[in-house]
Amino acid sequence: PVFLYLLLVIGLGDTLFPFSGVPAGREKRAAIAIRDDESPAFKWWTRLFTEPYLYKYYDRYWYFTQMHRRDCEEEFKAGLDEALNKYEYVDLFLLAHTNKYIEWVQAMPETIRQKVRFVYNTGCHNASQGTDWLSLGADAYIGHPGRSESPFFFFS
């Protein structure tokens, strides 16, 4: 039953409701998403659920899946650099356990970091990074103070 419910939500969720159109300004937005090294099933489900939304709401997106802790660092930075230089707004989706991706972003020039609009961090105990992300230039930050219940946020 749970599997069928998820398929309905994923497969039909946006198509059943006429008010779920793409908001204006899609051409000005880009997104960067990174999934940490997790079981293959979790990686697959995360991508399956996340990628259609990235495709729909952003002109361009980069999606990285790590195979080990420092994997994809250079690719992430290159994608972020391109997004920040080309787009007016850039959103970050850190689909990872307790993480320190903020260290990767700190190296970016301050002038372009100001284009980071939103950071969603699914990591447990990563709410404390909020002030740091905001001081780096992000307009908004969502993180979890304790154990992450991030799957519930995918349905909102």
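# A guided tour of the model

Begin by selecting Cys-72, whose place is in the loop between β2 and α3. Keep in mind throughout the tour that the model on your screen is predicted. The phi angle of Cys-72 is near 75°, a positive value in a residue other than glycine. Is Cys-72 buried or exposed? With a relative accessibility of 10%, Cys-72 counts as buried, because the limit for that word is under 20%.

Stay in this loop and select Gln-66, which lies between β2, covering residues 60–65, and α3, covering residues 73–86. Gln-66 counts as buried, with a relative accessibility of 2%. Which residues surround Gln-66, if its neighbours within four places in sequence are left aside? The contacts of Gln-66 are Ile-34, Arg-35, Asp-36, Asp-37, Lys-43, Asp-71, Cys-72, Tyr-101 and Trp-104. Cys-72, where the tour began, is thus one of the residues in contact with Gln-66.

Now switch to a cartoon view and look at the whole chain. The protein has 6 helices and 5 strands, and from the N terminus on its elements run α-β-α-β-α-β-α-α-β-α-β. Of its 156 residues, 42% count as buried. If you display the surface, the accessible area comes to about 8,900 Å², of which 62% belongs to carbon and sulfur atoms. Among the contacts with a separation of 6 or more, 68% are made by residues 24 or more positions apart.

Next, colour the strands. In which order do the strands stand in the sheet? This open sheet of 5 strands has the order β2-β1-β3-β4-β5, and its pairing is parallel. At the edges you will find β2 and β5, the latter made of residues 140–142, and each of these has a single partner strand, so one side of each is left without a neighbour in the sheet. Neighbouring strands of this sheet are turned by 10° against each other on average, when direction is ignored.

To see one pairing in detail, select β3, residues 89–95, together with β4, residues 116–121; these strands run parallel and are joined by 5 bridges. Leu-92 has Val-119 as its bridge partner in β4. Then add helix α2, residues 40–57, which packs on the sheet and touches β1 (29–35), β2 and β3. The direction of α2 makes about 170° with that of β2.

From here, move to strand β5 and select Tyr-141, which lies in it. Tyr-141 is buried, with a relative accessible area of 15%. If you draw a distance from the C-alpha of Tyr-141 to the C-alpha of Leu-92, you should find 9.5 Å, although these residues are 49 apart in sequence. Not counting residues up to four places away in sequence, Tyr-141 touches Val-119, Asn-121, Asn-126, Ala-127, Gln-129, Gly-130, Trp-133 and Leu-134. One of these, Val-119, is the bridge partner of Leu-92.

Show the side chain of Tyr-141 and follow its polar contacts. With which side chain does Tyr-141 make a polar contact at 3.2 Å? The partner is the side chain of Asn-121. The side chain of Tyr-141 also reaches the backbone oxygen of Asn-126, at 2.5 Å.

Select Asn-126 next, which is found in the loop between β4 and α6, the helix of residues 130–136. Asn-126 counts as buried at 3% relative accessibility. Leaving out residues up to four places away in sequence, Asn-126 touches His-97, Thr-98, Asn-99, Asn-121, Tyr-141 and His-144. Both Asn-121 and Tyr-141, the two side chains you have just joined by a polar contact, therefore appear among the residues in contact with Asn-126, given that contact means heavy atoms within 4.5 Å.

In the loop between β4 and α6 you can also select His-125. Its phi angle is near 65°, a positive value in a residue other than glycine. Is His-125 buried or exposed? His-125 counts as exposed, because its relative accessibility of 53% is over the limit of 50%.

For the last stop, select Cys-124, which is buried, with a relative accessible area of 19%. How many disulfides does the model hold? The count comes to 0 disulfides, because no pair of cysteine sulfur atoms is within 2.5 Å.

Conventions
Residues are numbered from 1 along each chain as its sequence is written. This is a predicted model: local features need pLDDT of at least 70, side-chain atom pairs count only at pLDDT 80 or more; totals for chains, interfaces and linings use all residues. Side-chain values use heavy atoms; hydrogens and water are left out. Buried means under 20% relative accessible area, exposed over 50%, partly exposed in between (1.4 Å probe, protein chains only). Helices (H or I, at least four residues) and strands (E, at least two) are DSSP runs, numbered from the N terminus. Two strands pair if DSSP finds at least two bridges between them. Axes are lines fitted to C-alpha atoms, for helices over the stretch in contact, and angles run from 0 to 180 degrees between N-to-C directions. A polar contact is a pair of N or O atoms within 3.5 Å; within protein, one must be able to donate a hydrogen and the other to accept it, and residues adjacent in sequence count only if both atoms are side-chain atoms. Accessible areas come from the Shrake-Rupley method with a 1.4 Å probe; for residues, only the protein chains shown count as cover.
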